[in-house]
Amino acid sequence: MTFTTVFQNIIKLLAKYWDVFLVKGVSVTLALSAITVVFGAVLGALLALMRRSHLGVIRFLVTAFVEFIRGTPMLLQLYVGYFIVPLLFPALEIGTFASISVALVINSGAYVSEIIRSGIQAVDIGQTEAARSLGLTKGMTMRKVVLPQAVKNILPALGNEFVTIIKETSLASTFFVGDLMTSYLIVKGATYLAFESLIIVGAIYFVLTFSLSKLVGAFERRLKQSD
Amino acid sequence: MTDTVLIETRNLTKSFGGLQVLKGVDIQVHQGEAIAVIGPSGGGKSTFLRCLNLLETPDSGDVIFEGQKINQKGTDVDKYRQKMGMVFQHFNVFPHMTVQQNITLAPVLLKKQTKAEADAKALYLLERIGLLDKKDEYPRKLSGGQKQRLAIVRALAMEPDVMLFDEPTSALDPEMVGEVLSVIRALVEAGMTTVIVTHEMGFAREVSDRILFMADGVIVEQAAPADLLDHPQQPRTQEFLSKVL
Ligand SMILES: Nc1ncnc2c1ncn2[C@@H]1O[C@H](COP(=O)(O)OP(=O)(O)O)[C@@H](O)[C@H]1O
Ligand SMILES: [Mg+2]
C-alpha cells in the first residue's frame, strides 16, 4: 500500500461515493447535531432552572440525573435510547433515528445544564446583591441583570458543545443512522477500502469542526469586545 | 435630625458556620441622622449593614424599619429594599447597561416611575454629579470614582428613605476618594438618613452625627464624633484609634 495508491483510491472513492459522504453523511451528521444542540439547549435550560428550584427534592433529582448522565458512557446511553424509547411509546412507531436523537438530546441537555449553571455562577455575586438591594425580585434580577451577563459565558460554551456533539454523533453510526460515520461503514463494506474511507471521513469531520470552532472563536471575541 | 426612629435593630445575631459575627447588636437610626460605623476589619461592620436590608438574614433579633419588623417570614423584603439604598465597596454597577440605563432600570421595572419620568430623573441626577456627558457610555469607560458616583445615584433614583454605604471609598485610588465623599456629604447635608461604614476618620468626624465603634461583633462604644474620636472611653476603642489616627 503505497502513498500513490492510497491517493488514487481516495480519488476513486470520492468520484463514486461523494454523495454518500458529502450529501447523505454530512447532512445527517449536521441534522443530528443541530437537533441535539437545539433541543439539548432547551432541555439544559429547563434542567438548569429546575436546579434552582426552591424545592429540595427537585434540585436533588435533577442534580442526580445530570451527574448520572455525565458519569456514564454516551454509547451506553445510546443503547438505552435505542432499546427503551420505542418501548416507551409503542404507538408512535419511533424509528432508530428518533430514538438515537432522544438519547443524544438527553445527554447534551445534561451537559448544557452544567454550562448554563456555571455561566450563571461566573457572574459576580455583587451584581445580584446590587440588584436585590434596589428592590428587584429574584426573577427580575435573573432576567435583567444576571442572565444578560451570563449569556456571554454561555453562548461560546454552547458553540463548543456543538463542535463536541458533531464528533460524538459518530457513535450513532453503531445503529446505522446514516451519519458521516455510517457513510464510512457503507463505503468500506462495498469497497473494502477501510483506510481510504477513514481518511475521507476524518477530513470531512475536521473541516466541519475546525471551521465551526473558528466561527465560535470569532463570535466569542465579538462578545468580549461588547463588554 | 428628628426623633422618629427609622431603623432599629434589637439583639441582632449572625453566625457564619461556627463563627459568630454579630453578637447582639442594638441600634437606633433616626430620621435624617448620619451614622458612621468604624472598627477593625472583620469586626462585623459589613454583616451588620447587610442585615439592615436583609442581604444577610440575621439568625435572631429584630430589624425594624419604619415601625415594621421586616426579618420575618411573609414580609415582602423587596418592598422595603426599595426604600433602602445601598452602595457597595466594589460599585457593582451593571456592566451590560449604559450609565443612564443603570439608573432607570429599577424605578421603571418596579413601576415607581414611568420611563419618561425615570429618564428625566436620571439626567437630573447625572447632571448633579457631573456625569451627564457619560449618560450613554458603558461603565467600563468610567473611572472608579465615576462608577461609585453612578452607583450612588442609581440607588438615589429609587428615592430611598435611607442610604447604606459599605466602605464606598475603600476600593478607590486616593485621588478619587474626594469626589465620592463630596457626593455623600451633599446627601447628608440635604437631610438623607445615612449609615456609612468607613475608614475615613476625618470624613466621619465631619459629616456624621454619631459614630459607632464596632469590633468583635458588638458595638463597643458610640458617641458624637468629637467625643468618640477624641475621648474614647473603652480600651478597645482607644487601641483601635491609636492605630488609625
Ligand atoms: N458570607 C460569609 N461567609 C462566611 N464568613 C463570612 C461571610 N461574610 C463575612 N464573613 C466573616 O465574618 C466576619 C465579619 O465580616 P464583615 O462583616 O465583613 O466584617 P467587616 O466589614 O467589619 O470587615 C469576618 O471574619 C468574615 O470573614
Ligand atoms: Mg466590610
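Helices and strands are taken here as DSSP runs, numbered from the N terminus, and with that naming Glu159(B) can be placed in the loop between α5 and β7 of chain B. The model is a predicted one, and the values that follow were all computed from it.

Glu159(B) is a convenient place to begin, since its phi is near 50°, a positive value in a residue other than glycine. Most residues other than glycine have a negative phi. Glu159(B) is partly exposed, with a relative accessible area of 41%. Chain A offers a residue to set beside it, for Glu93(A) also has a positive phi, near 50°, and is not a glycine. Glu93(A) sits in the loop between α3 (74–88) and α4 of chain A, and it counts as exposed because its relative accessibility is 70%, where the cut-off for exposed is over 50%.

From these loops we can turn to chain A as a whole. Its secondary structure comes to eight helices and zero strands, so that the elements, read from the N terminus, run α-α-α-α-α-α-α-α. The C-alpha trace of chain A spans about 70 × 50 × 25 Å along its principal axes, and of its 227 residues 43% are buried. When contacts in chain A between residues at least 6 apart in sequence are considered, 75% of them join residues at least 24 apart.

One of these helices, α7(A), can be followed in detail. At 1.5 Å a residue, its twelve residues should span 16 Å, and the end C-alpha atoms are 17 Å apart, which agrees. The buried residues of α7(A) are Leu180(A), Thr182(A), Ser183(A), Tyr184(A) and Val187(A), and what covers them includes α1 and α8 (194–225) of chain A. Thr182(A), which lies in this helix of residues 180–191, counts as buried because its relative accessibility is 1%, and the cut-off for buried is under 20%. If its neighbours within four places in sequence are left aside, Thr182(A) is in contact with Ser173(A), Phe176(A) and Val177(A). The C-alpha atoms of Thr182(A) and Ala218(A), residues that are 36 apart along the chain, are separated by 31 Å. After α7(A) comes Tyr192(A), whose phi is positive, near 65°.

A helix of chain B, α6(B), can be read in a similar manner. It comprises the 16 residues 174–189, which at 1.5 Å a residue should span 22 Å, and its end C-alpha atoms, at 23 Å apart, agree with that expectation. Met176(B), Val177(B), Val180(B), Leu181(B), Val183(B), Ile184(B), Leu187(B) and Val188(B) are buried in α6(B). Seen down the axis of the helix, these buried residues fall within an arc of 155°, so they line one face of α6(B). An α-helix has 3.6 residues a turn, so residues three or four places apart point the same way. The face of α6(B) turned away from the buried side carries the exposed residues Glu175(B) and Glu189(B). The cover over the buried residues of α6(B) includes β3 (34–38), α5 (144–156), β7 (162–166), β8 (193–197) and α7 (201–207) of chain B. Just after α6(B), Gly191(B) takes a positive phi of about 100°.

What remains is the space enclosed by or opening from the protein. The largest pocket holds about 820 Å³ of space, and of the 28 residues that line it, the closest to its centre are Arg52(A), Ile120(A), Lys138(A), Met142(A) and Val146(A). At least two residues of the lining come from each of α1 (3–50), α4 (96–121), α5 (125–133) and α6 (138–168) of chain A, and the largest share, ten residues, is supplied by α6(A). Sorted by class, the lining of the largest pocket has 17 nonpolar, five polar and six charged residues.

Besides this pocket, the count comes to one cavity of 30 Å³ or more, and the largest cavity contains about 40 Å³ of space. The lining of the largest cavity is made up of Ser133(A) and Leu134(A) together with Arg81(B), Gln82(B), Met84(B), Gly85(B), Ala155(B), Met158(B) and Pro160(B). By class, these lining residues divide into five nonpolar, three polar and one charged.

How values were computed. Residues numbered from 1 in each chain as written. Chains lettered and ligands numbered in written order. Predicted model: local features only at pLDDT ≥ 70, side-chain atom pairs only at ≥ 80, totals over all residues. Heavy atoms only, no water. 1 Å grid on protein atoms, 1.4 Å probe; cavity = no way out; pocket = protein on both sides within 12 Å on 5 of 7 lines; lining within 4 Å. Points joined across faces, edges and corners; volume = space filled by probe spheres on them. Helix = DSSP H or I, 4+ residues; strand = E, 2+ residues; numbered from the N terminus. Nonpolar A, V, L, I, M, F, W, Y, C, P; charged D, E, K, R; others polar. Expected span 1.5 Å × (residues − 1). Buried < 20%, exposed > 50% of the residue type's maximum accessible area, 1.4 Å probe, protein only. Arc of directions from axis to C-beta. Contact = heavy atoms within 4.5 Å.
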